[in-house]
Amino acid sequence: MSEFQKVMLQPGEESLDVEDLLDSVESTTDGDPQANTTSDNSDEKSTLPHQKFLDKHETDAKTTTSESEQQTTPPSIALSPASVKPEPKESPVVPQLPSNSLLRKNEMNLDNFEITVKFPIKHGEGRKAYASYTIETKVVQQGQFKSTFMSVQRRYSQFSWLRHYLNRRVPGRIIPPVPPKHEFTMNKFDAEFLETRRAGLERFLRRIVAHSVLSYNPAVIAFLELKAHEFEIFVKENPSETGRESLAASLQLLASSLPQERESRFVEEQQRQIELEKGMKLITDSMSKVFRAISEEQTLAKEFAVSFRALAESDEDLRIGCEIAAEVYDNTVDECAILLNKLKQNAVRPLEDFALYPRAVLDALQWRDLQEAKRQKLEDALSSKHQELKVIQESEQKSTFGTLLGRNPEEVKQQKIAKLTEQLHQLTEDVDKAVDQEAVANEILKAELERQQEVQDYELREMISAWGKHEIERYSQIQDGWAAAEASLEVHLHNLPALAE
């Protein structure tokens with residue numbers, strides 16, 4: 001089993017102003033994506049369990065990062081935009097990330113992990129009722145965790161919080177999807193719905209811990225370790241804020257500001273994911289039709305079994321043949337029930353949440369586009385300031401507001417030039433920084449996309465293979481049932497002459 005084999009827009013809130021959006025992206029992406037995972041008041045002294053947890057894991061994360069850099073990462077590699085600082089007017093130094101094979105080689109292997117999400121427990125009654133899921137985590141090597149076995153209770157909203165938090169605090173990474181919210185018309189405590197959600201949440205966690213970056217995020221560790229009351233405090237002090245999903249509406253406003261010609265690899269990837277999203281919807285729709293067809297076949301088999309038994313009771317001469325046929329159809333009903341359950345667990349449900357993945361990839365692509373928009377915005381401002389400085393330097397204007405106050409025209413002009421020169425210097429630094437951040441974002445996303453494509457390929461193969469195995473098993477059992485029936489009928493027919501005598 002390979003190391004990556006188990007790896008994989010909700011409506012936003014209020015849309016942000018474009019200026020605020022770009023400023024928020026700048027504040028989010030400056031520095032290490034994982035460095036800003038604690039709240040603003042994390043420096044305050046506290047004796048609460050969750051604070052001890054944060055202090056411990058911040059130290060552990062630094063130690064782990066330092067050791068991993070010495071062991072697996074070349075000295076020249078830097079994932080933090082702030083660490084890439086080329087000289088002005090020179091081509092940016094783009095960090096060369098390790099190859100995907102190296103990334104995956106160093107990734108956490110799920111052979112060291114066993115994560116199980118148990119069927120939920122219902123709490124309360126009426127409108128205040130909710131379900132909580134027991135998450136059991138067994139770790140072979142303790143690593144970043146305090147224990148080798150952990151058992152915690154989490155609600156669906158907390159799974160959703162974790163995904164939004166990672167979206168915001170670890171930008172550029174492709175965050176696995178969680179199962180969608182229930183529809184208002186359905187019973188949210190329906191056993192089948194809860195089982196479908198449970199399996200989807202389990203796949204979500206497995207994909208998270210199989211990711212070498214996401215698995216070490218303090219929020220993920222807290223999610224798997226902290227008791228319910230401790231985790232509630234952690235969530236309050238570490239809000240998920242506005243994730244990329246809730247920025248979707250604001251991203252529409254940026255379309256006109258983006259360059260007409262973006263890097264072809266990202267444009268092509270965007271189109272690929274859009275087509276993949278459409279294709280997966282067609283596949284899931286077709287799979288649902290197949291599932292319904294097998295269910296209808298099961299219903300027909302029941303009707304045939306009842307009909308043959310009724311015929312056997314009505315005519316003694318036809319009894320043996322009809323009873324054999326009824327038994328075959330009874331077996332078909334039982335086999336269909338077992339195989340339908342297997343098909344649902346191993347193919348239908350995984351395909352449904354796999355179909356949500358293209359949207360997660362598109363979110364990561366949109367984040368990269370924000371870096372491009374920020375860089376372009378700064379370049380436009382720099383160009384405008386250059387033009388403004390040129391106009392002032394060439395101006396022969398003698399009358400200005402300053403001269404009306406008795407100041408020397410030349411002195412006023414030189415002060416404007418000095419002020420613009422200072423602004424140009426700052427804008428130049430900002431542009432250089434934005435260029436570096438965009439280059440780093442490109443490399444991070446490129447590595448994520450290459451990794452994701454391999455993961456998608458593997459998972460899709462696994463699901464199609466499971467589907468095929470179930471179909472082979474189903475038809476083989478039907479064939480074996482009818483072959484046995486045929487043999488029984490031949491024996492019966494062979495004995496008919498003797499019976500006649």
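1. A quick word on terms before the tour: helices (H or I, at least four residues) and strands (E, at least two) are DSSP runs, numbered from the N terminus. Please keep in mind that this is a predicted model, in which local features need pLDDT of at least 70 and side-chain atom pairs count only at pLDDT 80 or more, while totals for chains, interfaces and linings use all residues. Residues are numbered from 1 along each chain as its sequence is written, and side-chain values use heavy atoms, with hydrogens and water left out.

2. Now the overall picture. The protein chain contains 14 helices and 4 strands. Of its 501 residues, 43% are buried, where buried means under 20% relative accessible area, exposed over 50%, and partly exposed in between (1.4 Å probe, protein chains only). The chain exposes about 27,300 Å², and carbon and sulfur atoms supply 52% of that area. Accessible areas come from the Shrake-Rupley method with a 1.4 Å probe; for residues, only the protein chains shown count as cover.

3. On cysteines: the structure holds 0 disulfides, a disulfide being a pair of cysteine sulfur atoms within 2.5 Å. Cys 322 is buried at a relative accessible area of 6%, and Cys 336 is also buried, at 1%.

4. Gln 158 is a good place to zoom in. This residue sits in helix α4 (residues 156-169) and counts as buried, with 15% relative accessibility. A polar atom of its side chain lies 2.9 Å from the backbone nitrogen of Arg 155. That is a polar contact: a pair of N or O atoms within 3.5 Å, where within protein one must be able to donate a hydrogen and the other to accept it, and residues adjacent in sequence count only if both atoms are side-chain atoms. Leaving out residues up to four places away in sequence, Gln 158 touches Gln 153, Phe 223, Phe 231 and Glu 232; contact here means heavy atoms within 4.5 Å.

5. One of those partners, Phe 231, leads us to helix α7 (residues 228-237), whose buried residues are Glu 230, Phe 231 and Phe 234. They cover an arc of only 95° around the axis, so they lie on the same side of α7; the arc is that of the directions from the helix axis to the C-beta atoms. The face turned away from this buried side carries the exposed residues His 229 and Lys 236.

6. Another partner, Phe 223, is one of the buried residues of α6. Helix α6 (residues 218-225) is mostly covered, with 8 of its 8 residues buried. At its start, a side-chain oxygen of Asn 217 comes to within 2.9 Å of the backbone nitrogen of Ala 219.

7. Helix α5 (residues 191-209) makes a nice geometry check. At 1.5 Å a residue, its 19 residues should span 27 Å, and the end C-alpha atoms are indeed 27 Å apart; the expected span is 1.5 Å times one less than the number of residues. Since 14 of those 19 residues are buried, α5 is largely enclosed by the rest of the structure. Asp 190 caps the N-terminal end of α5, placing a side-chain oxygen 3.2 Å from the backbone nitrogen of Glu 192.

8. Finally, Thr 137 belongs to strand β3 (residues 130-139) and is buried, with a relative accessible area of 0%. Beyond its neighbours within four places in sequence, its contacts include Phe 113, Thr 148 and Leu 224. The C-alpha atoms of Thr 137 and Thr 148 are separated by 7.8 Å, with the two residues 11 apart along the chain.
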